[in-house]
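Dear colleague,

I am passing on the structure below, together with some notes on what came out of the analysis. Please read the notes with the model open beside them.

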Amino acid sequence: MTTLETRTATRTTAPLGRLAAAEVRWVLRRPRTLVLLGLLALVPVAIGVGIALTGGPGDGDRDGPGLVAAVAGNGLVLPIAAMGLALTLLLPLTVATASADALAGEASHGTLRGLLLAPVGRTRLVVMKAVGVVTVAVLAVLLVAVVGVLTGLVVVGGPSGTMITLSGTTLGLGEALGRVLLVAAWTVVQLLAVAAVALAVSAFTEHPLVVLASVLGGLIVFGVLAAIPSLEWLQPLLLTSGWSAGTDALRDPLPLDGLVSSTGRALVYLVLGVGITVWRMRRRDG
Amino acid sequence: MGRRRWVGAGLGAVLVGAVGVGLVVAPAGASAAPVLPPVSPEDLVSSVMTADQQPFAGEVEVDNALGLPAVPGVPQLANGTSSVRVWSGGEGRGRVALPSSDGERTLVSDGTTRWSYDSRDRTATRAPAGEGRPDNAEAGPDNQDPTTAATQAIATLRQSSTVAVDGTAEVAGRAAYQLVLTPLPTERTLLREVRVAVDAETRQPLQLTVLAQGSGEPALQVGFSEIAYGPQDASLFTFTPPPGTTVRDAPAGEGRPDRPEGEEQGQRVGEGWDTVIVGRAPQGQPEGQPEGQQPEGAPDLSTLGTPVSGPWGSGRVITTAVATVIVTDDGRIAAGAVPQQVLTEALAR
């Protein structure tokens, strides 16, 4: 008898884990998510194969992007270079797609109305949707990092599992992997800031394309603003202005200033984005 | 009720934004000038000259408004702000990292050998460390180490200037005396004032500020933004060329080809602040120069500046905020922290 009572009591709320699992399964079954993740995995492979085929710097070719040139004969730099490259556009595109589908996509299909009518708290709905987006962000970054490490070790090769830093020192495999992990974690935080802003936009519209356009357009506008010298005072406000800090992980006594300050900036964007999303979703009608 | 919530949410968002931006953006606020026992300029200068080199790690910020032409490979020389990381182990051991957006130049001195490593082309250049001025090894040609820069400035500029201790300041969280060198009124110079902030405790120069005539903003400010005294990891001051690196030896006796040579060969005209150095233009850069700027170097001079001529001949004048250079068509060079007229007088002699 007592067991029956407790069961009815627990049934008043659905278990969080099961809801999250359902949302993640729903997100990962979308073909566009899978296609984007597959394309992201190709980024390090393409860089690695390209460098393995053309050879490294010192062949009179010093004009290429420095970080990619640093990969030659130094495979463990590949994941960091690949994450840096993907962070400029591909990774934000991936999380923006997930965020667009999470709220605006549901609204455009009319399924958001059902979720809003269901006896589920609005905040909990946002949390569940955010879980799906976070999953995509973490998966995307991990995919680039892991494929990057494997490609770096197998295709590019290097001085027996060590990493040569930009400062000319040599790091062992463990420390090198630690650096890759650090950049991966930092990249996830930066991506979550983008995702939070995308979710906020997503909460206001029922057109997923608006979310994509505003996120990618916003990144481009940030890039343009950062390039105007007279707007230099704006730099500390721009999320993208800290995105070169990933390179710092390749310097030898590891400078943390850039990584910490860009993470702080990302957290501000994150809190604002999540706050606006929750605020909007609590009073949204279908 | 609903409206009140809106207002609350809006206020919350603004608050988060403001606090966040404040935390992320705002630099450490300038604090009040620390109170220190008074010291005479002579005592301060001599204590700087005799102070022991203490091991430290720090970050040097270079705020450059000199108006120099950009030199590839050394972004720190161009106008703008840049930072350099410095470690000193004492006894001539040091390490300097000059980061750029996608690479780094590293200078390491272990007391007997100097290494210069450039991550862009992965070359390491080796040179025996100079005996007399071990610190200059770490500083590079651009006076980025404020220790060396300030010490030299005091030593050379002392005769022709008023030297005063003008209050105190806080630099990189350390209480510091402000030593101010002002040229005597008779000096014909572009410089208005040179300020050196000296750590009150360790007597180490922390910041060098150069102010030019007619400008309130410093033409050059080199100073620590962070400094921590204490023993440093010995492995910082050794350098092993990583695999795949091209190792070159700098030609003997030409470890620092650019500055000392020019000064030694050049003829000094005038004294004090309006010293003009007249010399001959270098015929191509010596090889093995660690700066990675061999393709540029000397030929650039012929395209810079504006043409001038006078009784001394004709040439081109290059004007920066704190210095003027005239390169004549017959290959002479006159340079100094002086107006153009002083240079032409020196050339005419």
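**Notes on chain B**

Of the 349 residues in chain B, 45% are buried, where buried means under 20% relative accessible area with a 1.4 Å probe and protein chains only. This is a predicted model, in which local features need pLDDT of at least 70 and side-chain atom pairs count only at pLDDT 80 or more, while totals for chains, interfaces and linings use all residues. Residues are numbered from 1 along each chain as its sequence is written, chains are lettered from A and ligands numbered from 1 in the order in which they are written, and side-chain values use heavy atoms, with hydrogens and water left out.

Chain B exposes about 16,900 Å², of which carbon and sulfur atoms supply 54%; the areas come from the Shrake-Rupley method with a 1.4 Å probe. Among its contacts between residues at least 6 apart in sequence, 52% join residues at least 24 apart, a contact being heavy atoms within 4.5 Å.

The secondary structure of chain B consists of six helices and 18 strands, taken as DSSP runs (helices H or I of at least four residues, strands E of at least two) and numbered from the N terminus. Twelve of the strands of chain B form an open sheet with mixed pairing, in the order 7-8-9-10-11-1-2-3-4-5-6-12, where two strands pair if DSSP finds at least two bridges between them. Strand 7 (161-171) and strand 12 (246-249) of chain B stand at the edges with a single partner strand each, so one side of each has no neighbour in the sheet.

At one of these edges, strand 7 of chain B runs antiparallel to strand 8 (residues 174-183) of chain B over nine bridges, and B:Val163 has B:Leu181 as its bridge partner in strand 8. Further along the order, strand 11 (residues 220-229) of chain B is joined by nine bridges to strand 1 (residues 56-64) of chain B, again antiparallel, with B:Val62 partnered by B:Val222. Strand 11 of chain B also pairs in the antiparallel sense with strand 10 (residues 205-212) of chain B over four bridges, and there B:Gln207 stands opposite B:Gly223.

Later in chain B, a hairpin through two residues joins strand 15 to strand 16, and strand 16 forms a hairpin with strand 17 with four residues between them. B:Val317 of strand 16 in chain B stands opposite B:Thr306, and B:Val317 also stands opposite B:Ile326 in strand 17 of chain B.

With best regards

Technical notes:
Buried < 20%, exposed > 50% of the residue type's maximum accessible area, 1.4 Å probe, protein only.
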